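Me: Please take a close look at one helix and its packing partners. I want the neighbours, the angles and the residues in contact.

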Amino acid sequence: MSKEKSAPDATLTIEGKSYSLPIVCGTENDRAIDIGSLLQQTGYTTLDPGYKNTASCTSDITFLDGKEGILSYRGYAIEELAEKCVFIEVAYLLVHGHLPNPTEYEHFRGLLNQFSLIHEDMIHFFDHFPPNSPPMTMLSVMVNSLSTYYPEMSDDPLKRLDLTAARLISKIRTIAAFSYKKVWGILWSIPARTGAIAP
């Protein structure tokens, strides 16, 4: 489901008793019945084998319709973003809800470059992953460890949204590159380590 809009309620009748359930209308005119209060109101739950007819959440960012082959972010079709935008523009769009103007683009690009390095100690983690480790597993472990090296990322992140988002996005790019090199056995080609502590 995409972002909620107001819509009339649905009425469900069980054993002669009627219950009112809100209808959620998304930005793409997708509709769903919000059954969040169903158990509390009626004592009943729903059965949806294979999770085939259930929207799990609402989102201001993503709209997905697998049946129709539609995927959009912040109202932009994924095909349009892939063809016409660069990584920095899409990252900014996801965080802020609109594509950046030239000033916003340069500011965000500068932040991404500033925070691209990871702490020297984190690099050693890759030396101890087995050679056949799945890249996504390595990425997950490394992202989880970021908070121990950069505790300020957890301090009211919405207050410094640009800094927090740029730091996380940029470091994930670097971690993904290290993970790729580890899988292909080419970590030895990384330039000599300097012992520097990354911001």
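Reply: What follows is a look at helix 4 and the two helices described with it.

This is a predicted model, where local features need pLDDT of at least 70, side-chain atom pairs count only at pLDDT 80 or more, and totals for chains, interfaces and linings use all residues. Residues are numbered from 1 along each chain as its sequence is written, and side-chain values use heavy atoms, leaving out hydrogens and water.

Helix 4 covers residues 102–114. Helices here are DSSP runs (H or I, at least four residues), numbered from the N terminus.

Take helix 8 (residues 161–183): its axis lies 8 Å from that of helix 4, at an angle of about 55 degrees. Axes are lines fitted to C-alpha atoms over the stretch in contact, and angles run from 0 to 180 degrees between N-to-C directions. Helix 4 is therefore oblique to helix 8. Angles under 35 degrees count as roughly parallel, over 145 as roughly antiparallel, 65 to 115 as roughly perpendicular, and the rest as oblique.

From helix 4, His107, Phe108, Leu111 and Leu112 meet Asp162, Leu163, Ala166, Ile169, Ser170 and Arg173 of helix 8. Contact means heavy atoms within 4.5 Å.

Now helix 3 (residues 87–96). Its axis comes within 10 Å of that of helix 4, crossing at roughly 100 degrees. So helix 3 is roughly perpendicular to helix 4. Phe87, Ile88, Glu89, Ala91 and Tyr92 of helix 3 touch Glu104, Tyr105, Phe108, Arg109 and Leu112 of helix 4.

Phe108 and Leu112 of helix 4 appear in the contact with helix 8 and in the contact with helix 3.

How values were computed. Helices (H or I, at least four residues) and strands (E, at least two) are DSSP runs, numbered from the N terminus.
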